[in-house]
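Please walk through this structure with me, beginning with one pair of charged side chains and moving outward from there to the elements that carry them.

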Amino acid sequence: MARPRKSYYWWIGGKILYALLGLAIFVMVAFLLWRVYFSGKIPREVKGLVPNDRLVALYAEKGEDIELLTQEQATVTKGEGNYGYFSVPQFVYIPELSQVQVLFRYNNSTLKYTQRDLGLAERPARGTEVFDVSLVAITDQTPDDKTDNKDGSDTLEKARIASTTHTVTTTSLYTYFVYTFDNVTVRDDTLVLYFDIYYGEAVDYEATPYGTLRLYHCESEWITRTLTKDEIKALSGEGK
């Protein structure tokens, strides 16, 4: 019997190599699609407003007429030392309650970089309060004079507000926190509202934050939004 030609083996090898290359491309594309469209999808339990006693009572009184405000601001940190570390994909201000809810997100690599940046012996654990967060409201004490609104000016008042409650959940890639802040009133003389991020528990608020994102600016437009179906179910008790 004649032996198969060498060209036949090359043909078979080429087919196998081509198939492996196609499989590798498929796996890579599938991973990228999962990363973009699925892994970054906000979990349902933190996607909207998180019910609390005051919000539930307000819904019982006003129903879907609750005023919900937000703004379009940068949602991801882009500083030299925190590029892409932290994000705030959702921010809602509820004027009738003087309440703010913030969805705070970071991925697993942020914890790796935090260990590296701060020289920690171990990587911080997922799903725990690794970071101290707070709101900072800057108010203009001389609203009729805009020329003195400079950093460090004595006419600007800085107030730091701690969170009241929080909810946490994790996915394979991300950690999510919804922080609720009470006693937050955005007035005509409020210039800006920041979301500050520090590491650890014994925090020096005079030090530069590990990350900062602006939630509100007086020159940006408020955007009104309505309650979603899931939020209505949660506030009315139907989602239990």
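In this predicted model, a useful place to begin is the salt bridge in which the side chains of aspartate 196 and arginine 160 meet, with 3.2 Å from N to O. The pair links distant parts of the chain, since aspartate 196 sits in strand E8 (residues 190-199) and arginine 160 in strand E5 (residues 156-162), 36 residues apart. The two partners do not share the same surroundings: aspartate 196 has a relative accessible area of 6% and is therefore buried, whereas arginine 160, with a relative accessible area of 27%, is partly exposed. The cut-off behind these words is that a residue counts as buried under 20% and as exposed over 50%, with partly exposed in between.

Both strands of this pair belong to one sheet. It is an open sheet of 4 strands in the order E5-E4-E8-E9, and the pairing is antiparallel. The edge strands are E5 and strand E9 (211-217), each of which pairs on one side only, and neighbouring strands of the sheet are turned by 25° against each other on average, direction ignored. As a general point, strands of a sheet pair through backbone hydrogen bonds, either parallel or antiparallel. Within this sheet, strand E4 (residues 131-140) and E8 run antiparallel and are joined by 9 bridges. Aspartate 196 appears here again, for serine 134 stands opposite this residue of E8.

The salt bridge between E8 and E5 is part of a wider set, because a search of the whole structure, counting a side-chain nitrogen of Lys or Arg within 4 Å of a carboxyl oxygen of Asp or Glu, finds 7 salt bridges. One of them joins arginine 187 to aspartate 189, with the closest N and O atoms 3.0 Å apart. Arginine 187 has a relative accessible area of 42% and so is partly exposed, while aspartate 189, at 19% relative accessibility, counts as buried. Another joins arginine 44 to aspartate 230, where the closest N and O atoms are 2.9 Å apart. This pair also links distant parts of the chain, with arginine 44 in helix H2 (residues 44-47) and aspartate 230 in helix H5 (residues 229-236), 186 residues apart. Arginine 44 counts as exposed because its relative accessibility is 60%, and aspartate 230 counts as partly exposed at 38%.

Aspartate 230 leads to the question of which residues of H5 are buried. They are Glu231, Ile232 and Leu235, and, seen down the axis of H5, they fall within an arc of 100°, so they line one face of the helix. What covers these buried residues of H5 includes helix H3 (53-62) and strand E10 (223-225). Just after H5, glycine 237 takes a positive phi of about 90°.

Helix H3 can be read in a similar way. The buried residues of H3 are Leu55, Leu58 and Tyr59, and they are on the same side of H3 because they cover an arc of only 100° around the axis. The face turned away from that buried side carries the exposed residues Asp53, Ala60 and Glu61. The cover over the buried residues of H3 includes E2, strand E3 (99-107) and H5, and H3 is followed by glycine 63, whose phi is positive, near 65°.

Strand E2, one of the elements covering H3, spans residues 86-94 and contains serine 87. Is serine 87 buried or exposed? At 7% relative accessibility, this residue counts as buried. Leaving aside its neighbours within four places in sequence, serine 87 is in contact with Thr75, Val76, Leu103, Phe104, Arg105 and Leu213.

These local views can finally be set against the protein as a whole, whose secondary structure comes to 5 helices and 10 strands. Of its 240 residues, 38% count as buried, and the accessible surface comes to about 15,200 Å², of which 54% belongs to carbon and sulfur atoms. Among the contacts with a separation of 6 or more, 66% are accounted for by residues 24 or more positions apart.

Notes
Residues numbered from 1 in each chain as written. Predicted model: local features only at pLDDT ≥ 70, side-chain atom pairs only at ≥ 80, totals over all residues. Heavy atoms only, no water. Helix = DSSP H or I, 4+ residues; strand = E, 2+ residues; numbered from the N terminus. Buried < 20%, exposed > 50% of the residue type's maximum accessible area, 1.4 Å probe, protein only. Contact = heavy atoms within 4.5 Å. Areas by Shrake-Rupley, 256 points an atom, 1.4 Å probe, with all protein chains shown as cover. Arc of directions from axis to C-beta. Pairing = 2+ DSSP bridges. Axes fitted to C-alpha atoms, helices over the stretch in contact; angles between N-to-C directions.
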